[in-house]
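Visitor: I would like to learn how words such as buried, exposed and oblique are earned by a residue or a helix. Could you take me through some cases, one at a time?

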Amino acid sequence: MVVSPVSADAPSRSSDPGEGLELTRENGQREVFCGLTSIVWLHRRMPDAFFLVVGSRTCAHLVQSAAGVMIFAEPRFGTAILGERDLAGLADANDELDRLVGELLERRPEIRTLFLVGSCPSEVIKLDLAKAAERLNRQHSGRVIVLNYSGSGIETTFTQGEDEALKALMPLLPVDDAEQLLIVGTLADAVEDRFMALFERMGLPRVRSLPPRRSSELPPVGRGTRVLLAQPFLSGTARALVHRGATLLEAPYPFGVEGSRDWMAAAAAAFGIGPATVAEVLDPLVERGRRALAPHRERLAGKRLFLMPDSQMEIPLARFLSRECGMELVEVGVPYLDRQLMAADLALLPAGTRLCEGQDVERQLERVRAERPDLVVCGLGLANPLEAEGIATKWSIELVFSPIHGCDQAGDLAELFARPLRRRTLLNFA
Ligand code: SF4
């Protein structure tokens, strides 16, 4: 695949018949949630951590409305609201932040790790959260660890928030060169337990995960660590782990039967476990997964799919939906293209697939209207207008909140795409 130089306005286009993929780059207005959104799944993953957004009322509303329906206990996230005086630089926002953190830690003794999460407003007034974290670490030494990262919409798209949070944890990971598999990226607990059990049956020596279930029980990293990414949006974390001596395994992401099988097989191969052992453990799952997929494939096969750039999961999902569900790819958008992290999935995309990196939302919507695909995967903000125009949509954010990894989930994953098509059919006949 070859890319021609980026232009600020006009999209650039090139194709490489060798790999059969056509790549366009766009650099215009984006319609993507910011990295604060990832707090919604991170706070559930690490119940002893707290995420304190330093931002405006808009930031507070975003996180609350994204997570609101899922709160059953006192939330493990909040917002230190920067008021007008702070934004105008009239008050000392640092003093106010120190006071708030002191009150929070007194009220919530269970907090072990406190993430200060930067936002657009905190960046605009140049509030130095790295310095604030240093200062608060000194003040609360031995009680809590304070870290910082940015979830601002200026710097991050919605899944990049997790990448930034994991990078913030990196200096705390102990050094250990022992052989181990490190699964990186948040998984639903039940899905992770299932993978752990399968790896144990294959005979992998030691399997750890990042982020861990307790923020204070961080996995070690070193020369014996093989990194298996569970999520495709962790470019910075993957590189930081490699910098610490770990080896990054190349595999498709564990979406669908094929991707999940190849993902687990890549880990097994890295530890010298033979294909016969892998087949003995995984073949029954593969068989079951294919049976679960079959009814959804009937509905999805031949349907035309347009993926707008949003979650960074678009390429592996496109691979799954084309190869295992028979969908036709009209366009696959991706916020940014990390060729190394996407190599295995890119190699499995059908020849002629049109990829688009970045976004110029108006141009993309024009293409959607011209193509009239059967299904568009997109962010919440674009879904309603497209539905009003009679085009079925799937919210990409749902794919991050749902347990979709593994052979066992392949049927459920396909169902997530079949459901809006069924709904659209019913609406058309209503
Ligand atoms: S961080 Fe920026 S994009 Fe995100 S909610 Fe706050 S103001 Fe909006």
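Guide: Let us begin with R372, which sits in the loop between α14 (361–371) and β14 (375–378). Please keep in mind that the model is predicted.

Visitor: Why is R372 called exposed?

Guide: R372 has 12 C-beta neighbours inside 10 Å, and a residue counts as exposed if the number is 12 or fewer, so R372 is exposed. The backbone of R372 also has a positive phi of about 45°, although R372 is not a glycine.

Visitor: What makes Q312 buried or exposed?

Guide: Q312 has 27 other C-beta atoms within 10 Å, and because the cut-off for buried is 20 or more, Q312 is buried. Q312 lies in the loop between β11 (304–307) and α12, and Q312 too is not a glycine and has a positive phi, of about 75°.

Visitor: How do you know which word fits S322, a residue of helix α12?

Guide: For S322 the count is 19 other C-beta atoms within 10 Å. Buried needs 20 or more and exposed needs 12 or fewer, with partly exposed in between, and therefore S322 is partly exposed. Leaving aside neighbours within four places in sequence, S322 is in contact with M327, L329, L349 and P350.

Visitor: What makes α10 oblique to α12?

Guide: The axes of helix α10 (residues 256–270) and helix α12 (residues 314–323) come within 8 Å and cross at roughly 125°. Angles of 65 to 115 degrees count as roughly perpendicular and those over 145 as roughly antiparallel; the crossing falls in neither range, which means that α10 is oblique to α12. On the side of α10 the contact is made by G256, E258 and G259, and on the side of α12 by P316, R319, F320 and R323. By class, the residues of this contact are 2 nonpolar, 2 polar and 3 charged.

Visitor: Which residues touch the most other members of the largest nonpolar core?

Guide: They are F51, L52, V54, F115, L116 and V117, in a core of 121 residues. Strand β3 (residues 49–55) gives the largest share of this core, 6 residues. L116, leaving aside neighbours within four places in sequence, is in contact with several residues, among them L52, V54 and L129. In soluble globular proteins, nonpolar side chains tend to be buried together.

Visitor: And which residues surround the ligand?

Guide: Among them are C34, L36, G55, S119 and G153, and by class the shell has 5 nonpolar, 6 polar and no charged residues.

Technical notes: Residues are numbered from 1 along each chain as its sequence is written. This is a predicted model: local features need pLDDT of at least 70, side-chain atom pairs count only at pLDDT 80 or more; totals for chains, interfaces and linings use all residues. A residue is near a molecule or strand if its C-beta atom, placed from the backbone, lies within 6 Å of it. Ala, Val, Leu, Ile, Met, Phe, Trp, Tyr, Cys and Pro count as nonpolar, Asp, Glu, Lys and Arg as charged, and the others, Gly among them, as polar. A nonpolar core is a set of buried Ala, Val, Leu, Ile, Met, Phe, Trp, Tyr and Cys residues joined through C-beta atoms within 7 Å. Helices (H or I, at least four residues) and strands (E, at least two) are DSSP runs, numbered from the N terminus. Two residues are in contact if their C-beta atoms, placed from the backbone, lie within 7 Å. Axes are lines fitted to C-alpha atoms, for helices over the stretch in contact, and angles run from 0 to 180 degrees between N-to-C directions. Angles under 35 degrees count as roughly parallel, over 145 as roughly antiparallel, 65 to 115 as roughly perpendicular and the rest as oblique.
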